Each structure stands twice: as C-alpha cells, then as structure tokens.
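Please examine the sequence and the structure shown below. A short report on the fold, the charged pairs and the nonpolar regions comes after them.

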Amino acid sequence: MRLTLGLVTVFAFSVIIFSTFSFLPGDFATEILGQSATKSAVKALRAELGLDKPPVTRYFDWLGNVFQGDFGSSFSGRSKVQGDQGDRSREVVGLIIPRLKNTLFLTGVAAMLAIPLSLILGISAALYRNSYYDRSATGVSLVTVSSPEFFTAYIFILLLATLFPVFPTISTVDETTTLVERFYRTALPVFTLTLITMGHMMRMTRSAIINILSSEYIEMAKLSGASRYEVVVKHALPNAWAPISQVIAINLAYMLIGSVVVEYVFNYQGIGRLMVGSVYNRDLPVVQACALIFASTYVILNLIADLIGIISNPRLLYPK
Amino acid sequence: MSENLSYSAKSEVANLIKRRTRLERLKIALSKAPMSAWFGMIVLFIYFFAAIFAPLIAPHGEAEIFPVAYAPWGDGHIFGTDQIGRDIFSRIIYAARNTIGICLLATFIALGIGTVFGIIAALDRGYLDQLLSRIVDTLMAIPVMIFTFILLSVFGPTNFNLILILGILESTRFFRISRSVAVGQVVLEYVEVARLRGENLSYIIFKEILPNIASPLIIEFGLRFIFIIFTISSLSFLGIGIQPPSADWASMVRENAILIQYAQYDITAGLTPLIPAAAIALLCVSINFVVDWYLYITSGLKDDVK
C-alpha cells in the first residue's frame, strides 16, 4: 500500500517535471540556434530533439528511456560553444553518474558521522534532562538548526581554512583522488552537513525519548528500582526506535537537499552543483534527471522510515 | 448600618471574577514571558523596524555605488563596501525589507490558500476532500527546494514568481493542519447552527471556524515563515532567488564570500560575508523563541512538570 503510494508520487512528479518543461515559453531549438536561425534549421533541430511530437508521446518515450537508464543527452554543449566536433552534446547519464557517486560519498560520510553523534547526544540529553549539559546541548542545536547551510559552511571556512589553514576551501575531487585524500578534501563539507542535520536529529531523538519517558510502564520500571540508565536505555529506547529511525530517514533526505548548497559553497562536483548549473543554463534533460533522482531518493527514504516504523511495531502489520 | 441593609450580590461574592480585556490578558502573559521570548520579541521588533524605516535608517542608498570596492570597515562605511562599491551596512538594512517582505508575502499566500482549502475539505468530507488530500500528499512528498528549482527554471526567477511558487507549494502544510483541526470543529453544534441560519460558505469559514482553529495555524505560520526564509535564502545564495539589484542577505553572502580569504590579514574582512548570514540565523532563532513561547501559552503545557 505504502509502496504503491510512493510509486504514484514519483510517477506524478515525473509527469509534473515533464509537463512544466513542455509549457516553457522559450523553445530550446530557437534558444540553441539563436534568434537569427532560419525556420527550416529550427524545424530540423526540433525534429532531432523530438520536440515536434505531442507531449504525451514524448512523455512516454522519455519515461521508457528513463527506465532503461537513458536520460537522453544534454542540451548544453551543443554546437555553439565547442564547435562541431563529432558528437556535440554529452549523455546525461555519463554526466550524472560520477557526480552522483560524489554526492553519495559526501552525504554517506556525513551521515555516518551525524547519526551516531546525534543519537548519543540526544539520548544523553534526555537522560540528564534539564541539567546544564542538556540545556546547553539543546541551546546550541537550536542555533545550528536556525542557521542557513551557507552560514555554517562559511564559519567552518573562516575558522578551519583561512584563520587556521587545516583543510582546503575548495573540495575538488576526481577519479584519481585516493580515499585518504578524498576524506581530507571533503572534510569541511562533511562537517557542515553533519552539523546542519545533527541539531535536528538530536532534538528529535531527545523529544522522542522524553515522550516515552512519560508513559506508565516507565513509571513502573522506575518504581521497581531500575536506575536512570536502565530506564532510558533498556525500557525507553526499544520503543523509541520507530520515531528515531523516522527522524534519521527524514534528516537523510534533508541532508540530500542541503548538499545542494554545500556543494555550491565548496565547489564540490556533486549532483546538486550540476543541477544548479543546469538550472542556470536551462538544460532540460539534466535538470529533469537530477530532479527525478532527488525526488525519488527523498520518497524512498521516507518510505523506509515508514517501513521501519511498521517493522518495529508489529501491531501495525495487522490493521484493525 | 443602612448600607448593609440593601443586598448586593457583588458585595457578597467579594471577589468578582472580572472578564479581562485582551490588553490586560496580553499584559499578564507578557509579564510571565521568559527571557528567551523577550529576546525574540525585541529582536523581531528591531528587524521589522529596520524593514519598515529602511530608507530613514540606512546611511546610504540601496544601489548607491562608491568609488572604492571592498573598502575596509569604518571610514564612512560601517561594514565597508562590496565588490562594486555599495555600502554593506545600508544594504543589510534594505535587505531586511526585501527578505522579510518577500518571505512574509509568500507565507501569507500559503496561509490563505492552505487554510481556505483545508476548511473546505473538512466541511466537504467527500470526493473533493479526497481529491485535495491526495494532491497535497503528492506535493508534500516532493522536496520543496527541488520543486522550486524546476518551476523557477521554467517560469524564470523573478521575485513575483518566487513568491507565488513558494506560496502555493507551502500551502500544503497549512492545508494539512487546518483540515485536521477543522475536521474536529465542523461536527460541533455551532457550525451546524450557522449552516441552519443559512450563512454562506465564506461566513462559516472565516467567522465561525477560523477563529477556533487560529492558534495551531499561528504556530504553523511562524515555523513556515522560518522555512520559507531558509528556502528563499538558499535559492538566492545559489543565484536564482531574489534578483538584483534588490539587496538580500543570502546573495550578499555569496557576493562577498571571497573576502573570507583575507581573514588572516584583516579579521573584519573575513567577518563581512558572515554578517548577513548571521542576520538570517538571528531572525530564525528569534521567531523560534517567540513561537515556542506562544506554543507554551496556548497548549496546556503550563501545568506540565517541565
């Protein structure tokens, strides 16, 4: 049921993505060839790009190709700039795959840092509720949650790249970069992503546990003489996994979106950077592909959150 | 003696519970407000003051260009000048007007659309409700930022489009909230009475239901406002949000980011691009504080052992 809903969402989004572009005021063919192009040249290019077919046909053509992993070829790079040297535009897939790997690397490392840290901080803040530790942790997290991504990023640059030059400001990586070098170069974007999601995750973990701490069976456990640690870790935590895992999934999705800005700041060659560049150039196939990847990852992560919620509470498997 | 003979309920009850006026209640609530709420309100007041009276406060014009680009702090320009010689301090003040104005407008559009449709859906509970709810579910499953990207690249990144797109996309959250709260209200007698009286739809929505579901909507308004500021700032930072020559905090960060490189030689240069970014953060923290406080007053949290 939830799976179909997710699929419907992605499908609907693909229709929306596609249709919005069909209603573009400008035409790509005229845009590529310039205002002075002859009518027949425009027509030829339109036929080549498939822009002359009706939208519905084009949509299903496109969708069929997408399922085969073919997003078409990029509009930019055609003739004008690079001259006519054989194949003028690049395959979108070839453009996206290495960038996608970079982005996954970045968010993956950040997630591995952020999730354990925020769980530990959140649980311990709930454990020592209203202590100075708890108050300062929630206070700091409020500030990080309220700061835009680029603010956090530039503070890191100011402190760790210019005032104390430990890490590089620009994270350029390519296939030849070794893993250690990669970690070193992506340190600042990883820190930034970690910090912007950690505040949220920590706060939500804390409130999930505190919420459970007010239930009756916890009172019972307390009365039976369980220590504070036992109450939180043994009794409260197992029931908190569902909300916590949802928090994690939502924040991973958020991290993915946040990576767009972070990649821009550090000039990291990820998919977000590619998407921003393509929006500037109005490069239709690339933006479509990126948007679809972002949206489906987002939907899948939310789906996983739901599934974990169901698995961790078997009662939900049998609706009344 | 004589005055005791005449009976008065008022004197017998002694302490008559007086219905307090709004102002009095506000005063009492304010006197109990925690430090954080005061901090938030004062900061918000300063921001709005700066936004409204920007031309009077700012020492220089928004797009006024001075001969020296990247001038240092002080010397006629409190925070120096930017890459083409505009006074940064003045632009920060004007940016308050642009950023807050645009974000507030988008939030109001979202509130308006979302709430009206939400209440209509709650009143209907039929096919219309199903249709609207499914549409909203689909829209909500897609990250707003990515959606905005696409729509902006289609319709072009003008301020008008920005406000409209975000207003419509964010209205889904208001729809959800207002629908779920209003569903509990539409079955109550007062709505039925209003219907029997023959009141029209807009009267029922605005005069009957809306006042009763206002407080969750106000809280949502605060949170959405923050979210919209974030989204618009991110977009502006990427160069597709608020368009020049309007000053706005996020694009100022991008324009002056290069100054960070010189932080070793002059710390103020390194701080310059961070000031507008900090302005956004401070605004969001303040709204958070005020919203938290409002949540605390309106929900029954008061008696809860904190």
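The report below describes this predicted model under short headings.

## Overall fold of chain A

Chain A contains 13 helices and zero strands. Read along the sequence, its pattern is therefore α-α-α-α-α-α-α-α-α-α-α-α-α, where helices are DSSP runs of at least four residues.

Chain A has 320 residues, and 48% of them count as buried. Consider next the contacts in chain A between residues at least 6 apart in sequence: 71% of these join residues at least 24 apart. The surface that chain A exposes comes to about 16,100 Å², and carbon and sulfur atoms supply 65% of this area.

## Salt bridges

Side chains of opposite charge can pair when their charged atoms come close. Over all chains, the count comes to 10 salt bridges. One of them joins the side chains of Glu230(A) and Lys234(A), with an N to O distance of 3.8 Å. Both residues belong to helix 11 of chain A, which spans residues 228-266, and they stand four residues apart, about one turn of the helix. Are these two partners buried or exposed? Glu230(A) counts as partly exposed, at 30% relative accessibility, and Lys234(A) is exposed, with a relative accessible area of 59%.

In chain B, Arg197(B) takes part in a salt bridge with Glu199(B), at 3.0 Å from N to O. Arg197(B) also forms a salt bridge with Glu208(B), at 3.1 Å from N to O. Arg197(B) lies in the loop between helix 10 (189-196) and helix 11 (201-209) of chain B, while Glu208(B) lies in helix 11 of chain B, so this pair ties together parts that are 11 residues apart in sequence. Salt bridges that share partners also join Arg125(B), Asp129(B) and Arg179(B) into one network.

The surroundings of the Arg197(B) pairs can be described residue by residue. Arg197(B) counts as partly exposed, at 48% relative accessibility. Glu199(B) is partly exposed as well, at 26%. Glu208(B), at 14% relative accessibility, counts as buried, because buried means under 20%.

## Nonpolar cores

Which residues have the most contacts inside the largest nonpolar core? They are Phe150(A), Tyr154(A), Phe149(B), Phe237(B), Leu238(B) and Trp249(B), in a core of 135 residues. Helix 11 of chain A gives the most to this core, with 18 residues.

Tyr154(A) illustrates how residues meet here. Leaving aside residues up to four places away in sequence, Tyr154(A) touches Val265(A) in chain A and Phe237(B), Val253(B), Ala257(B), Ile260(B) and Leu274(B) in chain B. Apart from the largest core lies another, of 17 residues, including Ala110(B), Ile120(B), Ala194(B) and Phe221(B).

## A nonpolar surface patch

Nonpolar side chains also appear at the surface. Trp38(B), Ile42(B), Phe45(B), Ile46(B), Phe48(B), Phe49(B), Ile52(B), Phe53(B), Leu56(B) and Ile57(B) make a nonpolar surface patch of about 1,000 Å². The elements that give two or more residues to this patch are helix 4 (35-52) and helix 5 (54-57) of chain B.

Which helix gives the most residues to the nonpolar patch? Helix 4 of chain B does, with seven residues. Phe48(B) has its place in helix 4 of chain B, and this residue is partly exposed, with a relative accessible area of 30%.

Note on methods
Residues are numbered from 1 along each chain as its sequence is written. Chains are lettered from A and ligands numbered from 1 in the order in which they are written. This is a predicted model: local features need pLDDT of at least 70, side-chain atom pairs count only at pLDDT 80 or more; totals for chains, interfaces and linings use all residues. Side-chain values use heavy atoms; hydrogens and water are left out. Buried means under 20% relative accessible area, exposed over 50%, partly exposed in between (1.4 Å probe, protein chains only). Contact means heavy atoms within 4.5 Å. Accessible areas come from the Shrake-Rupley method with a 1.4 Å probe; for residues, only the protein chains shown count as cover. A salt bridge is a side-chain nitrogen of Lys or Arg within 4 Å of a carboxyl oxygen of Asp or Glu. A nonpolar core is a set of buried Ala, Val, Leu, Ile, Met, Phe, Trp, Tyr and Cys residues joined through side-chain atoms within 4.5 Å. Patches are made of residues with over 30% relative accessible area and no salt bridge: like charges are joined within 9 Å, nonpolar side chains (Val, Leu, Ile, Met, Phe, Trp, Tyr) within 5 Å.
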